[in-house]
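Good morning, and thank you for joining. I would ask you to keep the sequence and the coordinates in view while I speak.

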Amino acid sequence: MLDPHFLRENLDEVARVLKTRGYDLNKARFTELEDARSILQRATENLQAQRNSASKAIGAAKSRGEDASAMLKKAADLGKSLETQKAELDEVQAGLRELLSEMPNLPHESVPEGADENDNKELRKWGEPRDFSFKPRDHADLGANLGMDFDTAGELSGARFVVLRGDLARLHRALAQFMLDLHTREHGYTEANVPVLLKKEALFGTGQLPKFADDQFATADESPFFLAPTAEVPLTNFAAGKIFAPEELPLQLAAHTLCFRREAGSYGKDTRGMIRQHQFEKVELVHITRPDKSYEALEALTGHAEAALQKLELPYRVVALCSGDMGFSAAKTLDLEVWIPSQKKYREISSCSNCEAFQARRMQARWRNPERGRPEPLHTLNGSGVAVGRALVAVLENGQNEDGSVTLPAALAPYMDGRTSIDPPAPPEKSSGKSG
């Protein structure tokens, strides 16, 4: 959530910047609500002061043995007026909170302006895409002989689900375990095992609600639980409602979870294979830090995700997202895009974002700034380290051989009993046609 004071003081500039994010700020509505809030707040504070003064006068009169009935009536009238004013103020403040909750974050000054992915800026590349001596197959075709089963998943759950069997199920598990071990052993993250059924307040805190309600799965209860769209939600909410001492920061948290998304806005996109699923898994990385350290943390977080791809020997590039392509809560996002041979292009496998104080204000997550001696919003960051299903896709496609086998990255050998490849099942032996 944006800082209301900053918004009041810089309304025109905020409206201009938010326009680059595709959001039209209703300045007239905000000004109307803000003017009403200002008037009602002054009136409420004035009535509160009058009631306090009246209470003191009543106490003084009673101590002198004087009749205080008239003052008591005046105090009661002031109390009624105060209740009315507070109710009106609460209504206006609720309207302001609703308006603020729908506004995306302001982009950092280093974010390129642009409308969509075509305006993103490539920062660097790592690795060279493999030069195949044969036409590479896509992962769905390749995986059909290795244990990737969309038909059974369709019977069980419908489109955008998959069943993995045998070596592919093992490889999928190995990837998640490898990433968790990498980030906890080498990058200093604390592993967490978190719920994937969450209260709506948790999704509000990280910015998925109310704006993106259509993309969430929820239970049918009167007060529903929401299925986690990403472990960013529970991990970041570890800080909700808390005030951290400086020495308690930073926190670096990692979790491997199931994730659930309706993909409401992606009709017709990536309908083949595992690129875009309703249920998928990620190893999520979250930083909770003091504001003056958050952009250092963004570089570190991005580097941690890059390390996973480098150890998996997967070519990738790092892209700075433009203002129009960033997620709702992000102030700056660096995407990691892995090379997919069958598509001959890079596809997103991790988004590393600094949300600055945007989520913290929604969650009331603060730290005590020793320079000012009072609690202030801290900064939150998140990124995939990385998406497990998309890593599986990339390992299969980049490591495929003409005979349908897949050569595995050396980093996965400890998680695959030392195996260096997975192979399709041997064809059944042909009968000789002779009877015994």
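I shall go through a helix pair, two groups of strands and one helical residue.

This is a predicted model, in which local features need pLDDT of at least 70 and side-chain atom pairs count only at pLDDT 80 or more, while totals for chains, interfaces and linings use all residues. Residues are numbered from 1 along each chain as its sequence is written, and side-chain values use heavy atoms, with hydrogens and water left out.

I begin with the helices. Helices (H or I, at least four residues) and strands (E, at least two) are DSSP runs, numbered from the N terminus. Helix α3, residues 27–63, packs against helix α4, residues 69–101, at an angle of about 155 degrees, and their axes are 8 Å apart. The axes are lines fitted to C-alpha atoms over the stretch in contact, and angles run from 0 to 180 degrees between N-to-C directions. The two helices, α3 and α4, are therefore roughly antiparallel to each other, a term that applies to angles over 145 degrees. The contact of α3 with α4 comprises 19 nonpolar, 9 polar and 6 charged residues. Here Ala, Val, Leu, Ile, Met, Phe, Trp, Tyr, Cys and Pro count as nonpolar, Asp, Glu, Lys and Arg as charged, and the others, Gly among them, as polar.

Next, the strands around β11. How many of the residues of strand β11 are buried? In β11, residues 332–340, 9 of the 9 are buried, so the strand is largely enclosed by the rest of the structure; buried means under 20% relative accessible area, with a 1.4 Å probe and protein chains only. Strands count as paired if DSSP finds at least two bridges between them. Strand β10, residues 316–320, pairs with β11 in the antiparallel sense over 5 bridges, and β11 is joined to β12, residues 345–354, by 9 bridges, also antiparallel. Leu334 of β11 stands opposite Ala320 and has Cys352 in β12 as a bridge partner. In the hairpin of β11 and β12, with 4 residues between the strands, Lys344 takes a positive phi near 55 degrees.

A further open sheet has 3 strands in the order β7-β13-β14, with mixed pairing. Strands β7 (243–244) and β14 (374–377) stand at the edges, each with a single partner strand, so one side of each is left without a neighbour in the sheet.

Finally, Ala174 lies in helix α7, residues 166–185. Ala174 is buried, at a relative accessible area of 3%. Not counting residues up to four places away in sequence, Ala174 touches Leu412, Tyr415 and Met416, where contact means heavy atoms within 4.5 Å.

Terms used: Angles under 35 degrees count as roughly parallel, over 145 as roughly antiparallel, 65 to 115 as roughly perpendicular and the rest as oblique. Buried means under 20% relative accessible area, exposed over 50%, partly exposed in between (1.4 Å probe, protein chains only).
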